Amino acid sequence: MTSPTPPQAPSPALGWLLAVPALFGTLISLVLPTVQTIWLSLQRGGVLRESTHVGFANYGKLLGDGEFWRAAWFTLSLVAMPLLVAVVVAPLLAVALDRAGTWPRRAGRIALSLAIVTFSPVGVAAAWMRGLAPDAPGLAGLAEGLRDPATAPGTLRLIVAAGTFGVVCALAVMAFLPALRAGSVPQGFSGDSRGGAAPAMLAVGVLVAIATVAVGLQTFSFGLVLTRGGPERSTETLAGLQYDSAFRMAEFGPGASVATLTGVILGVLGIVATVVVAASRLSVTLTPRTVPEPGAAAPTPPAEVTAGRGAGGVGMAVGIVALVVSLAVALVCAWPWIDGVLASPASEAGSPRSQVNTWVPAIGGAVVSVGVAYLAALGIGGLRPLGRGSEWLLLVFAPWLFVGTGPLGVANWQNMRNMGLIDTFLALFPPLLVSVPALLVLTLLCKGLAERTDKDFFGGVFLPSLPMAGILAGAVALMNAQDLLWPLLVAQKPALFTAPVAQMAQLGSFSAAKPDVGAATPLLVVAVALIAVVAAQLLYLDRLAITTNRSRARAGAA
């Protein structure tokens, strides 16, 4: 009897073709604004007066009088506690949940997901401002600390650490849990698995640490809402310094120079992270389901069966206790936000018009940016146009891996003004046409799926990776909706305010003592997002495995 012909992969040339939209999107929305930002940093004026070329004078002034270094140091100090949570607390909790068994691990995923779907930087900051009001009990010491230049930096660090504990811990745990499955991917299912979970945990730990620092460098909402950089500029962040220089002082040159220096740091971090991914041959795949198909040979038990085996009641008890303690700490840290949501009155910030301004551009931008990234991931990770080393193509996108709307905000605002789109609904759509973080994750997933030899490209790569594209689109939509900087720049008319901008405007009005804390996370949105996240966690994300040193490519791809 002749053996069946193995499924043939599409031509690698199709991989190049699928990557073209992402390349054009990167060129238009990332490369050109970057070049424009660098050019603007060599100018002076540009808003209220004609711009003039001044060379590196802006950089000399910025670095010479210490403004940049003071803001950079304070911004980095804000990252210290979230970084500790991400690389110490989160992996310990992930190990405890993994060893506890299936249902504690899944219960932990569901419970931690609530912190992700409800997180709103402006909402959390507004809740703390409400709690720090003169007539609010219990937080008088913190309120006084924010008014003193000597104590304001430390007080804001404490508030940022408390306000972000839940979401940072949750996201990091979601990254570490699949890495713990590296040693339990069945042999022959998706390539060899060598070295167990330790190399994967190390690689993921490095990436989590780099990502935490990169995101922290772009901190904007907390400082603007709580202190506006004061008192005496003691709490000014890099993003705040850029915003003040470019838009409050109407000097594009100094603002663009801050953006350029920040972008250089983020670019280096993005390149380092991508090199770690490519050098460690990181990949993501789906473990098989527990029950095999009728008549099929029983596979090696997947991670959802082996996780927690041998630990018994002790392992389960440790996992449950770790989860309860973590949730208790997160609940205490989030109490100002919870209390604010329960007590704050409804306002214009939560009106249907504000919600349309928030979610239509957020979802539209996510569909475009993740959709373009998904096509490129299918080409680079699934079809492997360069064979085993195809993931090195991600270096083309690496400098913008962690770049948000902030570092490119000056250039993008100028482009919007030149096109006459300022104060229009179209301007509210995020200016980024490709999500580079989504491209990285989806490429690693398509790579891991492509190493399977039992199915064709459509059934083995496209269909299994499609849910992840939808999950990432939802995640990007949540991030877009909570962004304060971009809609604050392009929409000055109250009718165009998004929920975070409307909250910000409300905080500056007479009703600042009782802001609408939950405007950016309305109950309907939270309910829909939570249902989707729970389904994704149980049906898909809980089956992911992250491995390293897996070099066998799909047949015909090498």
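Rings of Phe, Tyr and Trp count as a pair here if their centres lie within 6.5 Å. By this rule, the count comes to 10 aromatic pairs in this predicted model. Let's visit some of them.

**First stop: Phe247 and Trp413.** Select these two residues and look at their rings. They meet edge-to-face, with 5.7 Å from centre to centre and 75 degrees between the planes. Phe247 belongs to helix α10 (residues 238-248) and Trp413 to helix α16 (residues 409-418), so the pair ties together parts that are 166 residues apart in sequence. Now switch on the surface: Phe247 is partly exposed, with a relative accessible area of 23%, while Trp413 counts as buried at 13%.

**Next: add Phe252.** Keep Trp413 selected, because Phe252 also forms an edge-to-face pair with Trp413, at 5.6 Å centre to centre and 85 degrees between the planes. This pair, too, links distant parts of the chain: Phe252 is in helix α11 (residues 252-279), 161 residues apart from Trp413 in helix α16. Phe252 counts as buried, at 1% relative accessibility.

**Widen the view.** Add Phe220 and Tyr243 to your selection. Together with Phe247, Phe252 and Trp413, they form one aromatic cluster.

**Last stop: Ser354.** Move on to helix α15 (residues 352-382), where you will find Ser354. Is Ser354 buried or exposed? With a relative accessibility of 3%, Ser354 counts as buried. To see what surrounds it, leave aside the neighbours within four places in sequence and select Glu348, Ala349, Phe497, Thr498, Ala499 and Ala502: Ser354 is in contact with each of these.

Definitions and conventions: Residues are numbered from 1 along each chain as its sequence is written. This is a predicted model: local features need pLDDT of at least 70, side-chain atom pairs count only at pLDDT 80 or more; totals for chains, interfaces and linings use all residues. Side-chain values use heavy atoms; hydrogens and water are left out. Helices (H or I, at least four residues) and strands (E, at least two) are DSSP runs, numbered from the N terminus. Buried means under 20% relative accessible area, exposed over 50%, partly exposed in between (1.4 Å probe, protein chains only). Contact means heavy atoms within 4.5 Å. Rings of Phe, Tyr and Trp (its six-membered ring) pair if their centres lie within 6.5 Å; planes under 30 degrees apart count as stacked, over 60 as edge-to-face and the rest as tilted.
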